[in-house]
Amino acid sequence: MSGPLRLDPDGLVACVACGLCLPHCPTYRVTGREIASPRGRIAAMRAVEAGAAPADDAFVRAIDECIQCRGCEAACPSGVPFGHLVEATRAALGPVGPWWRRAAEAVALRLLAPRHTLLVAATWVLLAAQRLRLVPARLGLPRLRAASLRPLDLPAGGSPDAWLFPGCVMDAWMRDTHRAAARVIRATGAVVARPGAGADCCGALHLHTGRIALARRLAARVVRSMPGDAPVVVDSAGCGAVMKDYGRLLGTPEAGAFAARVHDFSEWLATRPPPPVARTGRTVVVQDPCHLRHVQRAHGAVRSVLRDAYEIVETDDDGLCCGAGGLYAATRPALASAVRDRKVAAIGRAAPGAVVASANPGCTMHLRAAGLDVRHPAELLAEVLDG
Amino acid sequence: MLGTANATAEPLELALYARDAGVAEGHAVAVCWPATGAQLAAAVRVARAHGRPFVVRGSGTGLAGGATPLGDPVVIVTTRLDRILEVDARSRVAWVEPGVLNLDLSRAVRHLGLHYAPDPSSQQACTIGGNVGTNAGGPHCLAYGVTSAHVLAVEVVLPDGEVALLGGLAPDEPGYDLRGCFVGSEGTMGAATRIAVRLTPDPPEVATMLCAFASVEDAAATVSETIASGVLPAALEMMDAPITRAVEDFVGAGYPRDAQAVLLVEVDGLPAGVAEQAAQVEAIARAHGATAVRTAADEAERALLWKGRKSAFGAIARIAPDYYLHDAVVPRTRLVEVLGEIARIAAAHRLLVMNVFHAGDGNLHPLIVFDGREPGTWQRVRAAGTAILEACLDAGGVLTGEHGVGVEKRDLMPRLFGPDDLDAQARLRDAFDPDGAANPMKVLPRGSRCGELQRVPEGTWI
């Protein structure tokens, strides 16, 4: 069976409709509707693929409402490759949503993300606009700082012990996180460098919005930008997840070998001799970015690296998504904030007012917009490095 | 009252409510998602005013087609009725709405040292309302009792839209036990809007053991001997070789891949008693040829062992894309014989059958796995399923242990009940629902009432 969506038939039939995914789906949790659940979305994909239902507005909405957190995959006993099914469906549907959203996505993803210099220039313009109070607060954008936009004090290229992948939005809006990551990496005795030309963007946002061809081009450039066999350290969980999947995305042995070198920041750090840190006794609530927990399944490392300096507190929500989802918080603000309400409540139950550790820029911005004090594990560690 | 956003007749959404986790398909004319008891009652009244029956469902994890919409009904979904209304830790009672997830309730009272005891394998996803509907069981119901033993009172919307409170918090409510009638009525007597459940104190000590055997016979003999010895384990579960391997592929909990049968045994209580009972179970297992006995070292290992057991049904998709899961109870003493017969039936129909079940109370779950894309497979699966259920009945068993009758086993009810029994049940149902508007065509087969013909509309494919 291969219909209009050209989905992998074996992946599609693997779902036995048991429903164990339901409580792990953020959009199902806030709506209670089958169509907003993994099981419902798969049934809808099957119906469209089999020609039993049209790929109409209701279907497009069902697919577009998925945050692609992939919490369902970790919960699925049948191993349904839900993330890949949604990516392929998005690719078959093409860009969706109202014209202004498609236009904004085209500017962000086709024009800015692949050209990092342009993105940084645009960020300066945005910063100026923020100072002139021209940017409405409801957009939930982080408050940009000129100091953060200073160039990174890192050599480009060469043959370092570890590469630090800067990425697109992260390097434009949250460069301080990279500074902190570089400090911690150096504190372990490793020589760290940033990639040479071509590492503008990992392609994750493109892949999640169905722009697979562009995602592949960006991925191929990223692979070429960090030659050799040094580990590639990524301090954005969303980027790391897709970079670990480059082997499948590009289908070449080189991409597979590159993917095997990719590590989340905490994951890499946990394999190193621990840097000397001061024990603070301060409480930190760990928020697991979905693509670290459900896709990379490397969230345990965040706890290992923070444990020496902080008292770690867990939330009781089984790693349910916070609603950020890359561009999702901007394109689906109502659902994104309903999902976030649950996460904010879970963090409040765990340790009211505590600092939150999050290893992903999207989650960080989304939760900060709700008033939480959110830091990257690298920042929390850089703060307490001895000496 | 509900607002247009919380009700729909959009074809794609209707299609997604055509079935639950079972295989029977029906058709809904509308679906709605009330957020309060009053809205749910209004939905029932609107359906009735338009001459429609109604089907209430929670998460749709049922396997007997109990939530399959037959007779072109309005489907009323309880997922937004998900508030825990009141927890009284001293009386160990909680009032909850029907859409509260089973595991969410236990989590919410964990800090009080309490939990909700019935724990179906789908407990992370299934709702308390659905549990009440099917009188759900679970591994720990061997010692703690099934849902009925944990439901004190139910506020229901009767099929005519009136609201009634059945049962109460007193230990022995005066009058007939209408609460007892309602629990397990599979939505045929109305819809729960609030449920008072009993909360159970967490046992001070728990030991979870995994025993591996070289034959199903050895495992079954261990089960019988354990119960006969006077030990009442909190749970006593059996898995055969194929399902054990499928589960191990999913959870990696250290289930032995080479065992022909595995028992998961849990004993709980005061520390001294637990140690003694665990030693007793281990001795019995070893006397019956257990090749390995392992006790979970900590809570994490215990949780992993249970995750394996509770993911068993979903994990079979790693073997074949479709499954048909049955639910029947046989006398414990005849387990070995019935398991052998099930294997013979499966072989005769050229099908693979696996077994994972609540061995302690003889509640079998034969699981037929197949690829429905191969022509003719479904016919063989249905024929084998019926033969398996008949074999269980012939061994002195009953049709269902915990999944309910739904539509799946409706037509086998006359194998278990005579005409007078069925008539009495039909009249009880009529007392709640004289017009047959609540979940029509479920539980009782057509012709259950003496001298009546089926009154619900025809034409639905099931």
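**Helix partners and touching domains**

In chain B, five residues of helix α12(B), namely B:Val338, B:Glu341, B:Ile342, B:Ile345 and B:Ala346, meet B:Ala384, B:Ala387, B:Ile388, B:Ala391 and B:Cys392 of helix α13(B). Sort the residues of this contact by class and you get 9 nonpolar, no polar and 1 charged. Keep in mind that this is a predicted model. Below, we look at how these helices are arranged, then move over to the domains of chain A.

**How the two helices of chain B sit together**

- Helix α12 of chain B covers residues 335-348, and helix α13 of chain B covers residues 377-394.
- The two pack at an angle of about 160°, and their axes are 10 Å apart.
- Angles over 145 degrees count as roughly antiparallel, and α12(B) and α13(B) are therefore roughly antiparallel to each other.
- As for handedness, α12(B) and α13(B) make a right-handed crossing.

**Domains of chain A**

- Chain A splits into domain 1 (9-93), domain 2 (104-269) and domain 3 (282-383).
- Going by C-alpha atoms, the centres of domain 1 and domain 3 of chain A are 25 Å apart.
- Domain 1 of chain A puts 13 residues into the contact, while domain 3 of chain A puts in 15 residues.

**The domain 1 side of that contact**

- On the side of domain 1 of chain A that touches domain 3 of chain A, α2 (26-31) and α5 (71-75) of chain A each chip in at least two residues.
- The largest share of that side, 4 residues, comes from α2(A).
- By class, this side of domain 1 of chain A is a mix: 5 nonpolar, 4 polar and 4 charged residues.

Technical notes
Residues numbered from 1 in each chain as written. Chains lettered and ligands numbered in written order. Predicted model: local features only at pLDDT ≥ 70, side-chain atom pairs only at ≥ 80, totals over all residues. Domains from an automatic or database assignment. Contact = placed C-beta atoms within 7 Å. Nonpolar A, V, L, I, M, F, W, Y, C, P; charged D, E, K, R; others polar. Axes fitted to C-alpha atoms, helices over the stretch in contact; angles between N-to-C directions. Parallel < 35°, antiparallel > 145°, perpendicular 65-115°, else oblique. Left-handed = near helix turned anticlockwise from the far one by under 90°.
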